[in-house]
Structure formats: structure tokens, C-alpha cells
Amino acid sequence: MLNGSPNYLVRAAAHGGLVRAFAVNATAVVAEIRNRHNTEPAVTAALGRLATGALLFGAMLKEPGHLVTIRIAGNGPAGVLLASANGAGEVRGLVAHPRTEVDQVRNGKLNVSGVVGTQGRLTVTRDLGMRSPYVGVVELVSGEVGEDLAHYLASSEQTPSAVGIGVFVRATGDVEAAGGYMIQLMPGVADSVAAGIEARVRELPHPTTMLRQGDAPEDVLARVFHDGFELLARTPVRFHCPCSRERVDRALLLLGETALLEILEQDAPRGVTEVTCEFCGEQYVIPSGEIQRLAAAAAERA
Ligand code: ZN
């Protein structure tokens with residue numbers, strides 16, 4: 001039903017710029033991540049929430065080429081989850097273990113904290129094109145992802161934020177809806193304004209309930225800002241992995257001559273080496289002659 005709805009993100013401001021707001025429909029994006037990683041439902045929800053969060057964080061970047069990566073290393077069986085988005089609305093993600101032995105549903109909800117874990121760390125890395133990236137780390141508070149991201153914003157970046165993120169997975173395992181919102185209070189916002197916004201956010205239906213009712217991202221914000229808001233940007237969002245044969249070659253080169261010669265020997269019977277991108281599943285088949293050439297180039301560099 002929602003797979004036809006356009007996937008895009010809106011960035012908005014209200015109350016003279018003292019309140020920032022973001023909302024996104026990422027249904028098709030999360031569906032593609034699920035298909036590429038063949039995740040079970042609870043992991044689909046966990047990784048989908050993280051990818052949606054990365055898109056919302058990406059909307060705070062100033063330049064399209066800037067990058068934000070959110071990594072969760074929890075004590076659950078899914079292992080490390082990672083999502084990376086740029087300022088142009090492109091996102092990709094990966095999970096160490098797409099399938100676990102955990103009950104997928106608990107108390108009528110997808111068991112996200114059961115696969116992520118309730119203890120561990122959330123790390124946000126912002127690459128703003130400077131010499132070194134900006135990195136912030138917090139402990140997980142629930143392993144439900146949305147709460148953990150809100151906790152990060154409040155404690156690591158001192159920005160009180162309401163974060164609502166959801167992924168609705170059908171019984172078949174398909175993604176029916178995915179998206180969310182993020183509302184941030186800037187310093188100087190009046191207490192009465194903050195209280196009014198907090199009350200309306202608390203009354204909001206679940207993000208996927210709104211999406212499944214047909215709400216566009218603007219409609220979600222209109223439920224919070226009864227006096228209106230200023231739409232600053234509307235950006236299409238999509239799954240995109242920037243991997244390429246050239247990047248694979250560069251990564252192989254970094255392994256060095258010894259490791260490349262080992263790969264060459266190991267793959268000699270087949271005459272090719274296969275490299276799979278862990279973000280998108282793309283397979284690169286590299287003839288042994290090319291590995292030999294890279295080994296020679298690595299030797300020259302050393
Ligand atoms: Zn890739």
C-alpha cells in the first residue's frame with residue numbers, strides 16, 4: 001500500500017527557528033535494506049529504525065557530501081548494527097547477524113531490544129570534510145533505537161529532542177511502513193512553547209500508524225505544530241551504496257603484498273577472487289591477473 005508513496009524527508013522550523021523539526025517516510029528505503037540483507041522481522045525493525053535515524057541525523061548536515069554514521073554495538077545476538085547517511089538523503093546499513101535465534105515478537109511488538117541488546121554503546125560519527133571526524137558516544141538506554149538516539153542528542157549534543165521512529169513489518173516479513181520524526185528545542189525556547197510541543201508529541205500516534213493512515217511527512221509535523229511551521233527543505237531519500245570496483249581495488253591494495261599473494265594462492269583453483277560489499281551485497285569478481293597486478297603495486301608502495 002505504502003510502497004507507492006514517495007520517500008522523502010522534510011526539514012522545518014517553528015516558533016521563530018527555536019524549534020527544529022524533521023520527518024521522513026523511508027518505507028521503500030527500509031524495504032530495500034531488508035531485501036539486500038535478508039533480515040528477520042525484529043532485525044528488519046532494528047536496522048530499519050537505525051537507517052531512518054541516520055536519515056534524520058543526515059538532515060542536520062550542512063552539505064550534501066557530509067556523512068553521518070551511527071553504530072550500535074549492543075549485547076544482543078544481532079551484533080553490531082550500522083547505518084550511514086549523507087546530506088543528500090542517501091543511506092545504507094549493515095548488521096553483523098541478520099538472523100538470530102530470538103523470539104521475533106514479545107508483548108505483541110517486534111522484539112527489537114531482544115536482538116539489539118539492552119546494554120552497549122551507540123556511536124555517532126560525523127564526517128564534515130575536515131581532517132578528523134566528530135565522534136560522540138553514549139551508553140544504550142533501551143536498545144529500542146529511537147530512545148537511544150534521543151538520549152544521545154540530549155546528553156552528547158545537549159539538544160533536547162523527541163525522536164519517534166518505527167518500522168511496520170508484515171507477517172510475510174515484508175516492510176509495510178517505515179519512517180519517523182525528530183523535534184528539537186533550541187536554547188531560548190519559552191517553557192510554555194516547549195510544554196505544548198511535548199504534550200502534543202506524547203499524544204502522537206505511533207509513526208507507522210500515521211504513515212499507514214496515509215500521512216505524508218508534512219502531515220506528521222502539522223499534528224505537532226498547530227500554529228504552522230516553515231518548510232525549509234524537502235529531500236527525496238533513497239538507499240544508495242557508493243561502493244565500486246575502483247573502491248574495492250583501493251581496499252585490496254591496502255591489505256598489502258603478503259595478504260594479496262595469500263588470496264591469490266587460495267583462489268588459484270578458480271582463477272578469480274570474489275569480494276562482497278557488506279553494505280549492499282554487490283559481488284565483485286576479480287580475475288587473478290588483477291590481484292597479481294595489485295600485489296605488485298602494493299610491493300612497489302611498501
Ligand atoms: Zn556496496
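The site of the zinc ion is tetrahedral, with angles of 103 to 115° among its four donor atoms; four donors earn that label if all angles lie between 85 and 135 degrees. This is a predicted model, where local features need pLDDT of at least 70, side-chain atom pairs count only at pLDDT 80 or more, and totals for chains, interfaces and linings use all residues. Residues are numbered from 1 along each chain as its sequence is written, and side-chain values use heavy atoms, leaving out hydrogens and water.

C241, C243, C277 and C280 each coordinate the zinc ion through SG, at 2.2 to 2.3 Å. Donors here are N, O and S atoms within 2.8 Å of the metal (3.2 Å for Na, K and Ca). Their spacing in sequence reads C-x1-C-x33-C-x2-C. Two of them link distant parts of the chain, 39 residues apart:

| Donor | Loop location |
|---|---|
| C241 | between strand 13 (238-239) and helix 8 (245-255) |
| C280 | between strand 14 (272-276) and strand 15 (283-287) |

Helices (H or I, at least four residues) and strands (E, at least two) are DSSP runs. Both C241 and C280 are buried, meaning under 20% relative accessible area with a 1.4 Å probe.

Now for the nonpolar cores, sets of buried Ala, Val, Leu, Ile, Met, Phe, Trp, Tyr and Cys residues joined through side-chain atoms within 4.5 Å. The largest has 58 residues, and L122 is among those with the most contacts inside it. Helix 2 (residues 41-58) gives the most, eleven residues. This core lies between domain 1 (2-239) and domain 2 (245-301), because both give residues to it. A second, separate core of 20 residues includes A23, Y181, I197 and F225.

Notes: Tetrahedral: all angles 85-135°; square planar, octahedral: opposite > 155°, others 65-115°. Buried < 20%, exposed > 50% of the residue type's maximum accessible area, 1.4 Å probe, protein only. Domains from an automatic or database assignment.
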